[in-house]
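Please look through the sequence and the three-dimensional structure below, and keep both at hand while reading. The paragraphs that follow go from one part of the chain to another and explain what can be read from each.

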Amino acid sequence: MELYKLLETFNGFLWCPVMLVLLVGTGIYLNIALRFFSFRNWVRAYKCLWQGRSHQSEHGEISPWNALMTALAADIGTGNVVGVALAIAVGGPGALFWMWVSALIGMITAYAETMLGIRYRYRDKDGHYICGPFIYMERGLGLRGMGVLYSFLCLMSSLGMGSMVQANSAISTMEYTWHVPTLAGGLIFTGLLVLVTWGGIRRIGNVAEKLVPAASGIYIAFSMIVILSCLEQIPGALASMVCSAFRPEAAAGGTAGYVISRSVRYGISRGVFSNEAGLGTLAVLHGPTEGTTPHEQGMWAMFEVFFDTVVLCTLTALVILCMTGSSPETIPYEGAALAAWCFSRRLGIVGEYLVSGSMVVFAFATIMAWFYLGRQAAAYFIGGCGFGENAQNMFASKVYPLLFIAAVFLGSEARLGLVWLLSDIWNGLMAFPNLTALLFLSREVTLPEGFLRRRK
């Protein structure tokens, strides 16, 4: 218990105003430098994306579409369901407002880090791309030590947010909905993961291409059914999101400041957890893409952040607020169970089953994507520490997969609060070096050909 309180205190310090200012401030600075490209040209930008090619490399890299699905798999996970439920329960309905803020501002951050990741990527001796923030830290800034630090933090995040959190939420959903024993659910989930990740990034991309659209479509359809069935409650739910974000009705200034700070902190931290803008992970996932340009992949990343948070997270929040009367903290459920309970109130057992299935698929897809992320980071970390190529390959191909699979299984048995707390800590630590690198390399972030150019 003392360790948990210590970690909670450190997490509160980590996600203090300085961190929030750095996250939001970096996005604002990049928006100004690029003349609010993500706001002024988003329709035109997204239209250009669908004109891209789907070239598949003979080296086994992935197409732009598969890269999009893999990146969405990393984004669309438990953060869209469980993260939203926890954010609202702890930070109030206003937490979603700050999730919107983090997403709309973070779209340009995702564009910048993805573009830099593509620009500085290179091939190894086997012809596969090496990419990610650790590469632009090393080759753009000339700071290999920063790259090694980031790769270690990314490695730890993959064993926390990318595996334990997702597995915990998926198994909890299976236990609540289908009464699957935790141990059995963990073994099934882990076994399926081994089958998919064994085939590398190409198989991960192919599986994500099938799972993500299907699960997203089902989730959106049933969310809309619930929301449209209680239209009269939507204005109140939306009003509570905005009003709760600032709490003008709070009597005491100190109380208002405390409530607002919790709303901002949980909203932005859960927004980052959901869309990962500012963490640098999108640069890794888009890195192996063939037949594309840095600008095109940057625009894909913008779309992913918008779809993940502004669309999916908003749907989840509206379902919860409409079904709980804007008071989810009074419901005797949390996380995935709370979301499943809300859907079952309106749709019955069928809706609960389908939505719970979507949540399990979201978690599984996220774990697949984070396996690739962590493996890239693990290889760079071992190489950056001065170990030889044999040790680097051994750790990335043998040791890391075992650690990751163990984390997935242990995550199904761990306490939900502790797992999320550790993930928040690694997320915050990851963001610092990446945002610092983006600020120093901001002058190398340019606009696509034909769009308003940045002045020199």
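Just after helix α16, glycine 325 takes a positive phi of about 65 degrees, and since the model in view is a predicted one, this angle, like every other value in this text, was computed from predicted coordinates. The helix that comes before this glycine, α16, runs over residues 294-324. At 1.5 Å a residue, its 31 residues should span 45 Å, and because the C-alpha atoms at its two ends are 44 Å apart, the expected span and the computed one agree. There is nevertheless a kink of about 25 degrees in α16, and this kink is centred on cysteine 313. As for its surroundings, α16 is mostly covered, with 25 of its 31 residues buried.

Cysteine 322 is buried, because its relative accessible area is 4%, and a residue counts as buried under 20%. Is there a disulfide in this model, and if not, how many are counted? With a disulfide taken as a pair of cysteine sulfur atoms within 2.5 Å, the count comes to 0 disulfides. Cysteine 322 is accordingly in no disulfide, because the nearest cysteine sulfur, that of cysteine 230, is 3.9 Å away, and the pair would have to be within 2.5 Å. Cysteine 243, by contrast with the buried cysteine 322, is partly exposed, with a relative accessible area of 40%.

A second helix can be read in the manner used for α16. Helix α7 covers residues 94-120, and at 1.5 Å a residue its 27 residues should span 39 Å, which agrees with the 39 Å between its end C-alpha atoms. A kink of about 40 degrees is found in α7, centred on glycine 106. Because 24 of the 27 residues of α7 are buried, this helix is largely enclosed by the rest of the structure.

The next topic is empty space. Rolling a probe the size of a water molecule over the atoms shows where empty space is left. The largest pocket in this model has a volume of about 1,100 Å³, and 36 residues line it, of which Arg375, Gln376, Ala379, Asn393 and Ala396 lie nearest its centre. Which elements supply the lining of the largest pocket? At least two residues each come from β2 (129-130), α8 (133-139), α11 (182-197), α12 (200-228), α17 (335-384) and α18 (389-411), and the largest share, 9 residues, comes from α18. Sorted by class, the lining has 16 nonpolar, 11 polar and 9 charged residues.

Backbone angles offer another way of reading the model. Most residues other than glycine have a negative phi, and most peptide bonds are trans. Phenylalanine 36, in the loop between α2 (17-33) and α3 (37-40), has a phi near 55 degrees, a positive value in a residue other than glycine. With a relative accessible area of 39%, phenylalanine 36 is partly exposed. Histidine 179, which lies in the loop between α10 (161-178) and α11, also has a positive phi, of about 60 degrees, although it is not a glycine. Is histidine 179 buried or exposed? At 64% relative accessibility histidine 179 counts as exposed, because the cut-off for that word is over 50%.

Finally, residues that are separated along the chain can be compared with their positions in space. Alanine 363, found in helix α17, counts as buried at 0% relative accessibility, and its C-alpha atom is separated by 8.7 Å from that of serine 163, although the two residues are 200 residues apart along the chain. Alanine 437 lies in helix α19 and is buried as well, with a relative accessible area of 0%. Between alanine 437 and leucine 141 there are 7.4 Å in space, C-alpha to C-alpha, while in sequence the two are 296 residues apart.

Leucine 441 lies in the segment after α19 (416-440), and this leucine is buried, with a relative accessible area of 2%. Leucine 441 and methionine 137 are 304 residues apart in sequence, yet their C-alpha atoms are 9.0 Å apart in space. Arginine 139 is found in helix α8, one of the elements that supply at least two residues of the lining of the largest pocket. At 47% relative accessibility arginine 139 counts as partly exposed, and from C-alpha to C-alpha it is 6.8 Å from tyrosine 120, which is 19 residues apart from it in sequence.

Notes
Residues numbered from 1 in each chain as written. Predicted model: local features only at pLDDT ≥ 70, side-chain atom pairs only at ≥ 80, totals over all residues. Heavy atoms only, no water. Helix = DSSP H or I, 4+ residues; strand = E, 2+ residues; numbered from the N terminus. Expected span 1.5 Å × (residues − 1). Bend = angle between axes of the 7 residues up to and from the residue. Buried < 20%, exposed > 50% of the residue type's maximum accessible area, 1.4 Å probe, protein only. 1 Å grid on protein atoms, 1.4 Å probe; cavity = no way out; pocket = protein on both sides within 12 Å on 5 of 7 lines; lining within 4 Å. Points joined across faces, edges and corners; volume = space filled by probe spheres on them. Nonpolar A, V, L, I, M, F, W, Y, C, P; charged D, E, K, R; others polar.
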